[in-house]
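Please open the model in a viewer and keep the sequence panel visible. The tour proceeds by selections, each followed by a description of what is found there.

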Amino acid sequence: MIRQKKAVFLTALIIFILFTCFGCNAAMHSGPLSKTGFYFNTVITITIYGSTNESLLEDCFRIADKYEKLFSATLPESEISQINQAKGAPVTVSDETVSLLKKGLSYCELSQGGFDITIGALTSLWDFSGNDGYIPGTDAIAAAVSTIDYRAVSISGNEVTLKNPDTRIDLGAIAKGYIADQIKAYLNGQKITAGTVNLGGNVLCIGPKPDGSNYRIGIQMPFEEQGSVAAVVDVADQTVVSSGVYERYITVNDKRYHHILNPATGYPYENGLLGVTIICPDSVDGDGLSTSCFSLGLKDGMALIESLPDTEAVFITDDYQFHCSSGIGNNIPFQSYLD
């Protein structure tokens, strides 16, 4: 028996709830304005308050388009694709690509390789975005694993070289967070002080709502319909980012294979976790930490979170229990719907 789930419209990790601004003075706070589009293999939605200028949203989507053309591993002309196709020759790339590569490598180090941006050959092999029930052979998986080693990425100025010509970079686990941060920075520069940037479940909140209240962000219930809420966190000027086994997966002969792959084995992680949600200031860090903490597992992942400033996390284990860092329920209001 083969079943498949795809993230066609949203990656089903985080949803907005109770987003409407109540009691706002319309003369002071116009909007909201909202626009939705499809970039980086996911649906993105930008919402802003305090402006009637729809060109701001158009600019946000131009920013998303710009970075997709730099960071995508599937667009042949992107800078990441140029690196992957160079067979070990140095490639000169933009400052933005260098910045994201360095950020990704920092999380490779922090997770001791559990998160690895050179996983491209393996993610391409499994191809969860289009997989209709295919499980790669053991030899093919072993060959892909042999190309994974973040230490094979050499950066000198704006030149990037892969020491192993067969290594392939995939920034899909961290690029959306970086793009969200760039969109927020642009909107802040345009005097937008309230709104949200939702890139396929990476939700980045701009300030509090216009009335001064927090945004209420719902954490998706694993394996339930889009919009089913497992818990809610209240945040302002922070990001809420999740990684979960229920985002993309296939089921073959009653065994589920999800998209969060272990670089050491080539197969999906099996560590008792259903999902990890990170709350922190910057979305690129939320992206890097959600996958890193998932790879580390509950104990070590929680220890990492507790060692970081201004960072909280919610882990959901396969018995549908929440495990929260010390700030959840204290400085960050939290409401569970699993009890």
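The stops below lead from the sheet to the helices, the cores and the aromatic rings.

**The open sheet**

This is a predicted model. Begin by selecting the eight strands that form an open sheet, in the order β3-β4-β8-β9-β12-β15-β16-β17. The pairing in this sheet is antiparallel. At the edges are β3 (33–39) and β17 (322–324), each of which pairs on one side only. On average, and with direction ignored, neighbouring strands of the sheet are turned by 15 degrees against each other.

Next, restrict the selection to β15 (residues 273–280) and β16 (residues 312–317), which are joined in the antiparallel sense over six bridges. Which residue of β16 is the bridge partner of T277? The partner is V314.

**Helices across the sheet**

Add helix α1, residues 55–71, which lies across β3 and β4 (42–48) and runs at about 20 degrees to β3. Then add helix α7, residues 283–306. Helix α7 lies across β9 (202–206), β12 (239–244), β15, β16 and β17, at about 125 degrees to β15.

**Helix α6**

Select residues 175–189 to display helix α6. Its 15 residues reach 21 Å from the first C-alpha to the last, close to the 21 Å expected at 1.5 Å a residue. Colour its buried residues, among them Y178, I179, I183 and L187; the charged residues K176, D181 and K184 are also on the buried list. The cover over the buried residues of α6 includes β4, α1, α3 (95–110), β8 (195–199), β9 and α7. Just after the helix, K191 takes a positive phi of about 70 degrees.

**The nonpolar cores**

In soluble globular proteins, nonpolar side chains tend to be buried together. In this model the largest nonpolar core has 82 residues. Show I46, F71, I83, L171, I183 and L187, which touch the most other members of that core. Which helix supplies the largest share of this core? Helix α1 does, with nine residues.

Now centre the view on L187 and display its contacts. Residues up to four places away in sequence being left out, L187 touches I46, I48, L56, C60, I192 and I206. Apart from the largest core lies another, of twelve residues, including L122, W126, I250 and L261.

**Aromatic rings**

A pair of aromatic rings is described by the distance of the centres and the angle of the planes. The model contains eleven aromatic pairs. Select Y67 and Y178: their ring centres are 5.6 Å apart and their planes stand at 85 degrees, an edge-to-face arrangement. Y67 belongs to helix α1 and Y178 to helix α6, so this pair ties together parts that are 111 residues apart in sequence. Both residues, Y67 and Y178, are buried.

Keep Y178 selected and add F71. The ring centres of F71 and Y178 lie 5.4 Å apart with the planes at 85 degrees, so this pair is also edge-to-face. Because F71 lies in helix α1 and Y178 in helix α6, the pair ties together parts that are 107 residues apart in sequence. F71 is buried, as is Y178.

Then select W126, F128, Y257 and Y267, which ring pairs link into a cluster.

**The hairpin of β13 and β14**

Finish with β13 (residues 249–252) and β14 (residues 255–258), which pair in the antiparallel sense over four bridges. V252 has K255 of β14 as its bridge partner. Two residues lie between the strands of this hairpin, where N253 takes a positive phi near 50 degrees.

Key:
Residues numbered from 1 in each chain as written. Predicted model: local features only at pLDDT ≥ 70, side-chain atom pairs only at ≥ 80, totals over all residues. Heavy atoms only, no water. Pairing = 2+ DSSP bridges. Axes fitted to C-alpha atoms, helices over the stretch in contact; angles between N-to-C directions. Contact = heavy atoms within 4.5 Å. Core = buried A, V, L, I, M, F, W, Y, C linked by side-chain atoms within 4.5 Å. Buried < 20%, exposed > 50% of the residue type's maximum accessible area, 1.4 Å probe, protein only. Expected span 1.5 Å × (residues − 1). Phe/Tyr/Trp six-rings, centres within 6.5 Å; stacked < 30°, edge-to-face > 60°.
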